[in-house]
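Welcome, and thank you for joining this tour. Please open the model in your viewer and keep the selection tool at hand.

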Amino acid sequence: MSRNSLIHIAALALFALLPLMLPHWALTDFAIYFTYAIFAASLSFVWGHVGLLSLGHAVYFGLGAYAMSVVTLGMTPLPATSWLGILLALAAPALAAFALSSFFFASKGLTGAFFGIVTLAVAFIFERIAINSGWLGGMNGLMSVPPVMVFGFELYDPLPLYMVLLAILAATIFTLDRIKLSPFGLSLAAIRENELRAESLGLNARQLKVWAFTISGMIAGLAGALFVAQFGFASPSLIGFSLSAEVLIWVALGGRTSILAAALGAIAVRYLESQLSGSLGAFWPMIAGLLFMLSVLFLPRGLFGEMIYRLTTAPRN
Amino acid sequence: MDRLLIFLLDSSNAMLVLMLVSLGLAVIFGLMNVINMAHGEFLVLGAYGVLTLQGLGLPFWICLALAPLIVSAIGLAAEELLIRRTYERLLDTILATWGLSLFLRQGLILLYGPGSHAVSPPALGSIPLFGETYPIYRLIVMVISAAAIAATFWLFFRTDIGLQARAVIANRNMAASLGINTRLLDRLTFSLGAGLAGLAGAVMSPLISIDPNAGLGWLVPGFLSILVAGLGTISGPLAGAATVSATDSLASALTSPVWAQLTVFVAAIIVIRFFPQGLLALRRREA
């Protein structure tokens, strides 16, 4: 078994055993961190693996959250069930990601920094639409979304919630890692390294990037739906600029080159934030910004990314 | 007819300020290849600068003159500590300056609180213009903005240092091997760009509500302006800002400011998508 798989299994075992050590109420917090970790995983896939810096990734998270809320609250002609809500929360962001990226990458297409700025503008647009839409509840958003029913029970108790979300996170990381190693994933890595060369080897870069972005949007949407399943609301703050900035920090600090590292980054930053915001208060976001700048300068692989890199790369003789 | 003239006057006001913002962004990008995501915060810092200095009891006009210089100094410090370490890595400049913008924004929240503030405008009154009364201060904003734009152009096209800067824009390595001090130019450019944003924030401070999160509302239109016109020139951003601002004013008049902004963003994204080189590339002569 490779060292990389061992690290993944160790991380999973650690989190599976963590409930033994944590007080009951802390499990609910960790269930939320896992939701954010799924979101971070979706960004690290397009940013770290395909090289597309999306500055507005909360668009897909927010679309998932709103889709889940709208269906579950019975605001659509569809039957008002959570499962249909989750289904739409996968479909709507995937469709949006597909449509937007098809538009951005068609013919000459947008690259690098241009792509980043345009995605930021898109997030701005979606946030404004959510704020100004009466149907979506305006500034307040949609509230009182009921929790998900599993086999007739509400998914609400801390331990089952923790375990279910850990399982979904593990499945997400496993799936994305498998995709990275598939022929499709290797083609994406080739595009990241040199798009022109990849194209002259016969790859359809545009189409591959669109599919990668669609997968990422779908997973971000899943995270959005899971957020609603736990918090019971969707609001404009989930779709716009601030959450997009946060997820970027989690992924950068954790490490964008490894899905696991990005997910751990989200968990670690959110955990630190909850521990430190009591004592540091408003200084915390400033410190997060500072750490982010420092990681850009000195730790481009991120904290966990660097650790995984050191552990998996055999020392040179 | 008179209403139309007043409308045009208001539109040119917004347009000139957006030109200042995008000119700063464009010189930083053109010369240093740095995408400055903290530009909106530099603008907001300019407004907070006026607020703070006025709180110290200084007259408005002194505050207006000092605030951009303070922002320039902050820009210089940011360049020295952060930006120069990310040269040659375009995407990293986005991340580094993005981090800087979060840092500055939170710093402002810590110092001034999350709420919005207002600066008391100088008591100038209004003058009759086209059959209506028009605030004199708005006219002064236009004069100051236009003068700052003209001064920037004078700097780039009529002075030795401007000539060197244009040489660096055209070919950085060649300019460096001809003995031009690119390091000095980088410092100057970044603090000039930050200062222009600071000036825009300072002159607008009596007209806007000053809050820590106001920066983004300027950054995005600023970037869209330079992308719409095309990168790599100094005059491009003026044309871009004019296009973006005119579309915004027209759409505001026809619908509401909120939908106008959405219209402009969507239109700009479509233009950037179909003309990645910018609209000016359709007929470019300038180097």
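## First stop: a side chain reaching a backbone

Select N171(B) and M174(B): a polar atom of the N171(B) side chain lies 3.2 Å from the backbone nitrogen of M174(B). A pair like this can be judged by the rule for a polar contact, which is a pair of N or O atoms within 3.5 Å; within protein, one must be able to donate a hydrogen and the other to accept it, and residues adjacent in sequence count only if both atoms are side-chain atoms.

Before going on, note that this is a predicted model, in which local features need pLDDT of at least 70 and side-chain atom pairs count only at pLDDT 80 or more, while totals for chains, interfaces and linings use all residues. Residues are numbered from 1 along each chain as its sequence is written, chains are lettered from A and ligands numbered from 1 in the order in which they are written, and side-chain values use heavy atoms, with hydrogens and water left out.

Stay with N171(B) for a moment. N171(B) sits in the loop between helix 6 (160-170) and helix 7 (172-177) of chain B. Helices (H or I, at least four residues) and strands (E, at least two) are DSSP runs, numbered from the N terminus. Is N171(B) buried or exposed? The answer is partly exposed, with a relative accessible area of 37%. On this scale, buried means under 20% relative accessible area, exposed over 50%, and partly exposed in between (1.4 Å probe, protein chains only). Now add V244(B) to the selection: V244(B) and N171(B) are 73 residues apart in sequence, and their C-alpha atoms are 29 Å apart in space.

## Second stop: charged pairs in chain B

Side chains of opposite charge can pair when their charged atoms come close. A salt bridge here is a side-chain nitrogen of Lys or Arg within 4 Å of a carboxyl oxygen of Asp or Glu. How many salt bridges does a search of the whole structure find? Over all chains, the search finds 12.

Select D10(B) and R138(B), a salt bridge whose closest N and O atoms are 3.7 Å apart. D10(B) belongs to helix 1 (residues 2-32) of chain B and R138(B) to helix 5 (residues 136-158) of chain B, so this pair ties together parts that are 128 residues apart in sequence. D10(B) is partly exposed at 32% relative accessible area, and R138(B) is partly exposed at 26%.

Next, select E79(B) and R183(B), whose side chains meet in a salt bridge of 3.2 Å, N to O. E79(B) is in helix 3 (residues 60-81) of chain B and R183(B) is in helix 8 (residues 182-204) of chain B, so the pair ties together parts 104 residues apart in sequence. E79(B) is buried, with a relative accessible area of 0%, whereas R183(B) is partly exposed at 23%.

Add E80(B), which also forms a salt bridge with R183(B), with the closest N and O atoms 3.4 Å apart. E80(B) is partly exposed, at 26% relative accessible area. To see the wider picture, select E79(B), E80(B), R84(B), R183(B) and R187(B) together: these residues are linked in a network of salt bridges.

## Third stop: where the chains meet

Show chain A and chain B together. The contact (heavy atoms within 4.5 Å) takes 38 residues from chain A and 42 residues from chain B. About 3,800 Å² is buried between chain A and chain B, and carbon and sulfur atoms give 84% of that area. Buried area is the accessible area (1.4 Å probe) that two parts lose on being put together, summed over both. Across this interface the rule finds zero salt bridges and two residue pairs in polar contact, both at pLDDT 80 or more.

Now colour helix 4 (82-105), helix 5 (112-132), helix 10 (241-254) and helix 12 (283-298) of chain A, each of which supplies at least two residues of the side of chain A that touches chain B. Which helix of chain A gives the most to that side? Helix 5 does, with 13 residues.

## Last stop: inside chain A

Chain A has 13 helices and two strands. Buried residues make up 55% of its 317 residues. Select S54(A), in the loop between helix 2 (24-49) and helix 3 (58-72) of chain A. S54(A) counts as buried, at 1% relative accessibility. Leaving out residues up to four places away in sequence, S54(A) touches L43(A), F115(A), T119(A), F213(A) and L248(A).
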